[in-house]
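Take a look at the model below. Keep it in view while you read, and find each part as it is named.

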Amino acid sequence: MSPTPSPDPDLDALRARIRHDLACLSYPDKPWVRPSAAGPEVLNCAIVGGGQFGQSVAFGLQRERVNGVVVFDANPAGLAGPWLTFARMIMLRTPKDLTGPDLGVGSLTFRAFYEARYGAGAWERLFRISRPDWQAYLNWHREVTGLDVRPAHAVTAVSPRADGLFELQVQHEGRTHRSLARTVVLATGAEGSGARVVPPMFRELPPSLYAHTNDAIDFTALAGKRVGILGAGASSFDNASAALEAGAAAAELCFRRPALPLSNPRRWMEFAGFLAHYPELPDLQRWRYMKRLLDISQPPPEPTFRRAVEMPGFKLRPATPWLALRPQAGGVQVDTPEGPLSYDFVIAGTGIVVDLAQRPELAAIAPHVALWGDRFEPPAAEADARLARFPYLDAHGAFTEKTPGAAPWAGRLFANFRGATLSLGPSAASNSNIRYTAPRIVSGITRQLFLSDADAVYDEFMAQQHHELAAQEVSGAGG
Ligand SMILES: Cc1cc2nc3c(=O)[nH]c(=O)nc-3n(C[C@H](O)[C@H](O)[C@H](O)COP(=O)(O)OP(=O)(O)OC[C@H]3O[C@@H](n4cnc5c(N)ncnc54)[C@H](O)[C@@H]3O)c2cc1C
């Protein structure tokens with residue numbers, strides 16, 4: 001729960017501090033990207049997805065003086081990302097002192113925002129960041145930096161064109177318009193590189209009897225009911241807690257493993273060397289890190305676990321895979337190896353799959369970009385079909401060609417969605433990693449924009465006089 005805002009929040013003073021800090025750090029402040037030959041309306045960069053990562057890349061480009069950057073986000077204004085939509089935990093899982101969207105500007109950190117809003121003492125008392133506070137911070141950051149973020153703009157297609165530009169189809173208020181861009185970043189979150197996994201057995205049920213943990217669920221409708229959840233990831237715990245807090249009679253988590261995993265190597269990975277340089281590791285090592293993470297899964301954070309287990313009606317059912325689901329009078333029968341279970345409503349806590357072919361907006365892209373399975377063959381014992389489907393991105397987060405020469409645009413299309421994690425790091429878009437991953441992608445974009453204009457830049461260099469001194473002064477000086 002957030003504290004009561006300070007009666008005299010210091011956000012105006014913070015705004016002035018931010019302006020001053022950005023002015024102190026503004027060198028070199030000359031806009032430098034040349035307008036596209038195809039017209040001034042062509043964006044230098046279109047960012048698809050205005051969550052914490054897309055917004056951070058936009059801010060990074062602003063600091064590198066790249067103009068013509070627009071962020072399109074499908075969610076309504078103020079609701080980018082999962083925080084106030086389907087995330088149901090009370091507080092963030094990552095530590096409170098993380099830095100990220102600030103990109104190294106102290107006055108733009110979450111801490112500066114929190115202290116200005118609630119007072120310095122509140123920061124000392126804070127254990128972890130609440131979801132509403134994190135969303136409020138992201139919204140504040142967006143506003144105070146003046147980024148061009150367009151909410152309720154869903155990108156339905158990204159297509160490379162013969163002239164080297166990308167064409168984006170963008171839906172807004174029931175109409176579709178076209179936008180052209182020289183570079184594109186896909187910052188579309190966990191589902192942006194695939195889809196929710198709903199095991200086929202759920203399709204045996206009418207839609208009113210089941211949901212996925214990422215769906216909008218009306219928990220008040222579950223008051224007095226028994227809820228069964230398949231899977232024991234953190235989101236399953238969050239959904240169980242949300243159901244019980246809304247008055248559900250029972251919420252049971254069923255999972256295949258004999259016990260919950262205990263260790264969370266993702267927290268171990270939070271050190272600068274790993275976060276900064278994971279993308280430079282050899283392919284085999286990156287594969288091994290990610291395979292281990294996928295194989296062992298991760299436990300829920302302790303507060304998430306406690307919130308659930310301390311509520312009457314909560315139950316963990318380890319070693320309880322679901323074999324089949326059938327509608328029965330007023331609910332669902334779940335077949336398990338230990339016999340049937342009965343629930344009024346069931347939830348699939350079965351996560352998200354990486355599979356570019358399932359993204360309609362990437363239909364023109366997916367067949368032409370390399371996947372890890374195209375580029376890397378692990379030792380037979382370490383093969384993993386899940387990882388083989390991840391896109392093979394370069395060190396700047398740009399796609400690479402499946403067939404050399406067939407997709408020359410690939411290096412101008414960047415991604416940091418779930419599928420980027422094998423290439424860029426297991427937590428590449430999480431707020432603990434933004435400070436390393438966003439500058440990588442920003443540098444890939446500025447590199448592309450600069451190098452693609454290299455001839456014109458050189459011609460301009462040769463045509464300029466570059467006078468430092470006035471000619472008359474020089475001719476009479478020293479005589
Ligand atoms: C329950 C839960 C708890 C989590 N806890 C943490 C945590 O504590 N710390 C942490 O660092 N991470 C946490 N995460 C992971 C978190 O989702 C990511 O770290 C973070 O949201 C990634 O930011 P992002 O900008 O990459 O993606 P997102 O925040 O998911 O934003 C993606 C945005 O892209 C938009 N979008 C998608 N497709 C399109 C399209 N075609 N056109 C236009 N817009 C589109 C979406 O509307 C969305 O706003 C949690 C996730 C969940 C689900």
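Six residue pairs are in polar contact between domain 1 and domain 2, counting pairs in which both residues have pLDDT 80 or more. That cut-off applies since this is a predicted model. Where do the two domains lie along the chain? Domain 1 is made of two stretches, 11-193 and 354-456. Domain 2 also has two stretches, 206-259 and 300-350. Their centres, taken over C-alpha atoms, are 34 Å apart.

Now look at the place where the domains touch. Nine residues of domain 1 contact 14 residues of domain 2. The size of an interface is often given as the accessible area lost when the parts come together. Here the two domains bury about 880 Å² between them. Carbon and sulfur atoms account for 53% of that area. Which residues of domain 1 supply the most? Phe 86, Arg 88 and Arg 93 provide 67% of the area that domain 1 buries against domain 2, more than any other three residues.

Arg 93 deserves a second look. Its side chain meets that of Asp 238 in a salt bridge, with 2.9 Å from N to O. The count of salt bridges between domain 1 and domain 2 is one.

Asp 238 leads us to a helix. Strands come before it, though. Strands of a sheet pair through backbone hydrogen bonds, either parallel or antiparallel. One open sheet has five strands in the order E8-E15-E9-E10-E11, and the pairing is parallel. Its edge strands are E8 (210-212) and E11 (314-317), and each of them pairs on one side only. On average, neighbouring strands in this sheet are turned by 20° against each other, direction ignored.

Follow one pair in this sheet. Strand E9 covers residues 226-230, and strand E10 covers residues 250-254. They run parallel and are joined by five bridges. Which residue of E10 is the bridge partner of Leu 230? The partner is Cys 254. Helix H6, residues 234-245, packs on the sheet. H6 touches E9, E10, E11 and strand E15 (345-348). The direction of H6 makes about 170° with that of E10.

Next comes a sheet with antiparallel pairing. This open sheet has three strands, in the order E12-E13-E14. E12 (324-328) and E14 (339-343) are the edge strands, each pairing on one side only. The twist from one strand to the next averages 25°. Strand E13, residues 331-336, pairs with E14 over five bridges. Within that pair, Val 334 has Leu 341 of E14 as its bridge partner.

Move to another antiparallel pair. Strand E4 (residues 154-160) is joined to strand E5 (residues 166-172) by six bridges. Ala 154 has Gln 171 in E5 as its bridge partner. How many residues lie between the two strands of this hairpin? There are five, and Gly 164 in the turn has a positive phi of about 95°.

Two loops round off the tour. Leu 103 also has a positive phi, near 45°, and this residue is not a glycine. Find Leu 103 in the loop between strand E2 (69-72) and helix H3 (110-118). The other loop runs between helix H1 (11-24) and strand E1 (43-48), and Pro 28 sits there. What kind of peptide bond joins Tyr 27 and Pro 28? The bond is cis, with omega about -10°.

Conventions: Residues are numbered from 1 along each chain as its sequence is written. This is a predicted model: local features need pLDDT of at least 70, side-chain atom pairs count only at pLDDT 80 or more; totals for chains, interfaces and linings use all residues. Side-chain values use heavy atoms; hydrogens and water are left out. Two strands pair if DSSP finds at least two bridges between them. Helices (H or I, at least four residues) and strands (E, at least two) are DSSP runs, numbered from the N terminus. Axes are lines fitted to C-alpha atoms, for helices over the stretch in contact, and angles run from 0 to 180 degrees between N-to-C directions. Contact means heavy atoms within 4.5 Å. Domain bounds come from an automatic or database domain assignment. Buried area is the accessible area (1.4 Å probe) that two parts lose on being put together, summed over both. A salt bridge is a side-chain nitrogen of Lys or Arg within 4 Å of a carboxyl oxygen of Asp or Glu. A polar contact is a pair of N or O atoms within 3.5 Å; within protein, one must be able to donate a hydrogen and the other to accept it, and residues adjacent in sequence count only if both atoms are side-chain atoms.
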